[in-house]
Amino acid sequence: MTPARIVVVGTGYVGLTTGACLASLGHYVTCVDVDRAKVSRLAAGRVDILEPGLADLVTRGIAAGRLQFVVGARDAVRTAQAVFLCVPTPMGAGGSADLRAVEAVAAEIGDVLPTGCALVTKSTVPVGTSKRIQEMVGRTDVPVVSNPEFLREGTAVADFLGPDRIVVGSDELAAARWVGELYAELDAPVVVADAASAELVKYAANCYLALKLSYVNSIAELCERLGADINLVTEGMGYDRRIGRTFLKPGPGWGGSCLPKDTSALVKVAESVNYDFRMLTSAIDENIAQRDRIVAKIAGAVGGTLAGARIGVLGLAFKAGTNDLRDSPALAVASVLCALGAELIAYDPAVDGEIAGMTVVDDAYQVAKDADAVVVLTEWAEFKHLDWAAMAELMDGIDVVDTRNLLDPRVIVDAGLSWQGVGRPRAA
Ligand code: NAD
């Protein structure tokens with residue numbers, strides 16, 4: 001299609017990826033943020049977030065004259081054909097999505113948007129938000145389109161440029177189709193929907209993933225109690241094409257910047273229409289129970305009492321491949337350990353700086369020094385390749401709690417240590 005003039009508001013994981021990728025598809029993109037320092041860094045080609053390929057796309061977009069960064073949405077949107085809202089929608093008080101950033105931008109730009117410009121929500125927003133934005137903007141010549149984003153942190157660029165599907169929804173279907181055409185170069189099915197359905201797709205998909213993870217964590221717990229091995233159980237389940245192989249790994253609980261807030265928001269949306277979404281509230285409760293079971297397992301590894309125990313923590317990010325700590329299950333476990341009196345020494349290859357309640361060090365071996373137990377909380381591949389015999393030499397205790405089932409138990413046992421995973425037989 002003819003390149004379009006696009007403004008992207010918000011330059012976080014979603015906004016920056018959207019801006020840089022749309023520029024790489026040939027569009028002319030202006031990215032806007034309220035954070036002046038971030039805008040200056042980005043304008044100089046400096047990308048803070050860890051996303052493979054993103055810094056390169058930003059540099060190339062700037063060099064090609066197709067990507068720029070500015071502060072101030074109001075001026076930026078005056079000649080735009082589409083404005084993508086990529087601002088945060090965190091969990092608000094009471095558990096609903098906090099739409100203040102989305103509404104602030106709509107209020108800021110509503111009266112200066114050119115006629116025909118599509119106002120596109122890429123932020124995750126509850127059903128009814130497109131309608132609310134349309135009312136706020138108060139104009140019939142500006143179509144509002146929902147275009148939820150499904151990228152995963154750590155593979156954001158690859159996901160954006162190779163999506164499983166593109167969803168565009170509006171009560172003005174022609175506008176939704178036009179937004180879909182902005183992605184014409186990508187080889188992906190485009191689902192064109194009404195606004196409410198498009199908005200619900202994102203929550204329905206994310207919450208399904210949370211349900212699947214809570215389910216597999218429950219099955220892992222059953223495995224431990226029944227003497228079965230979750231690796232074999234999920235291998236057997238995964239061959240069933242109705243189930244699939246992904247999202248079948250147990251862990252310390254699900255987290256990250258999306259699943260906790262999106263599950264909570266959908267429960268609230270359901271409540272607003274008098275539906276008690278019990279299946280989803282159970283998945284949320286189960287996630288807290290999983291965290292507590294992991295804490296109990298770690299307590300067991302240090303003789304039952306966490307107070308005064310020195311615990312080496314491997315991994316803090318919410319998953320491997322990202323430096324994002326928002327709602328990280330690793331931090332959730334760590335904060336309970338800390339509250340129960342454990343001394344935590346932590347290492348994550350993508351995280352530095354200070355974190356309350358622990359000492360963050362810059363190599364994995366420092367974590368092992370004098371540790372009563374070592375706990376793997378994020379599935380960074382490099383932890384598999386540590387010299388576990390050297391780790392064992394440094395440790396005081398012999399227990400390794402592998403909440404991601406990442407390590408090869410034989411390697412740990414050969415190093416003279418004892419291995420406990422999740423839903424698997426202990427190896428000692
Ligand atoms: P983020 O916190 O990484 O980035 C948001 C950016 O918006 C920040 O740079 C912030 O300074 C900026 N901002 C805030 N208010 C602004 C305003 N009024 N004007 C201009 N800029 C403003 O957030 P994110 O992770 O990119 O998430 C954005 C949205 O996308 C959320 O709704 C989220 O649920 C959704 N989403 C996130 C992911 C993900 O993996 N992170 C995936 C899919 C969808």
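**Entry 1: the whole chain**

I began with burial: 48% of the 428 residues of the protein count as buried. Note to self that this is a predicted model, so I treat every value as computed. For secondary structure I get 16 helices and 14 strands. I then checked the radius of gyration, which is 23 Å; a compact globule of 428 residues would have one near 22 Å, so the two agree. Along the principal axes, the C-alpha trace spans about 70 × 50 × 40 Å. I also looked at contacts with a separation of 6 or more: 69% of them join residues 24 or more positions apart.

**Entry 2: domains**

How is the protein divided into domains? The assignment gives domain 1 as 5-193 and domain 2 as 201-428. I find 33 Å between their C-alpha centres. Across the boundary, 16 residues of domain 1 are in contact with 19 residues of domain 2. On the side of domain 1 that touches domain 2, I sorted the residues into 10 nonpolar, five polar and one charged.

**Entry 3: around the ligand**

Next I went to the ligand. There are 27 residues around the ligand, and Gly10, Gly12, Val14, Ser123 and Thr124 come nearest. Helix H1 (13-24) and helix H5 (100-109) are the elements that give two or more residues to this shell. By type, the shell residues divide into 14 nonpolar, eight polar and five charged.

**Entry 4: the UniProt "binding site" positions**

I looked up the UniProt record, an unreviewed entry. Under "binding site" it lists Phe150, Leu151, Arg152, Glu153, Lys202, Phe247, Leu248, Lys249, Pro250, Gly251, Gly255 and Lys319. Why do they not all gather at one spot? They span 170 residues in sequence and the farthest two C-alpha atoms are 23.3 Å apart, so a single spot does not hold them all.

I picked two of the listed positions for a closer look. Lys202 lies in helix H9, residues 195-226. Is Lys202 buried or exposed? I count 25 C-beta neighbours inside 10 Å, so Lys202 is buried. Setting aside neighbours within four places in sequence, I see Lys202 in contact with Thr124 and Pro148. Thr124 is familiar from the ligand entry, as one of the residues that come nearest to the ligand.

Phe247 sits in the loop between helix H10 (230-238) and helix H11 (259-272). Phe247 has 17 other C-beta atoms within 10 Å, so I put it down as partly exposed. With the same sequence neighbours left out, its contacts are Leu209, Lys212 and Leu213.

**Entry 5: the UniProt "active site" position**

The unreviewed UniProt entry also has an "active site" annotation, and that covers Cys258. I found Cys258 in the loop between H10 and H11. Cys258 counts as buried because it has 24 C-beta neighbours inside 10 Å. What does Cys258 contact, leaving aside its neighbours within four places in sequence? I get Thr124 and Asn206. So Thr124 turns up again, having appeared in the contacts of Lys202 as well.

**Entry 6: helix H13**

I wanted to see what packs around helix H13, residues 329-339. Its buried residues are Pro329, Ala330, Leu331, Ala332, Val333, Ala334 and Leu337. They pack against helix H12 (278-301), strand S9 (310-314) and strand S10 (343-347). After H13 comes Gly341, with a positive phi near 100°.

**Entry 7: odd backbone angles and a loop pair**

I went looking for positive phi outside glycine. Asn274 has one, at about 60°. Asn274 is placed in the loop between H11 and H12. With 6 C-beta neighbours inside 10 Å, Asn274 counts as exposed.

Asp327 also has a positive phi, near 50°, and is a residue other than glycine. I located Asp327 in the loop between S9 and H13. Asp327 is partly exposed, with 18 other C-beta atoms within 10 Å.

Last stop was Asp387, in the loop between strand S12 (373-376) and helix H15 (388-394). Asp387 has 12 C-beta neighbours inside 10 Å, so I mark it exposed. How far apart are Asp387 and Tyr365 in space? I noted 8.8 Å from C-alpha to C-alpha, for a pair 22 residues apart in sequence.

How values were computed. Residues numbered from 1 in each chain as written. Predicted model: local features only at pLDDT ≥ 70, side-chain atom pairs only at ≥ 80, totals over all residues. Near = placed C-beta within 6 Å. Helix = DSSP H or I, 4+ residues; strand = E, 2+ residues; numbered from the N terminus. Nonpolar A, V, L, I, M, F, W, Y, C, P; charged D, E, K, R; others polar. UniProt positions renumbered as here; feature names shortened; annotations may be inferred. Buried ≥ 20, exposed ≤ 12 C-beta atoms within 10 Å, placed from the backbone. Contact = placed C-beta atoms within 7 Å. Rg over C-alpha atoms; globule rule 2.2 N^0.38 Å. Domains from an automatic or database assignment.
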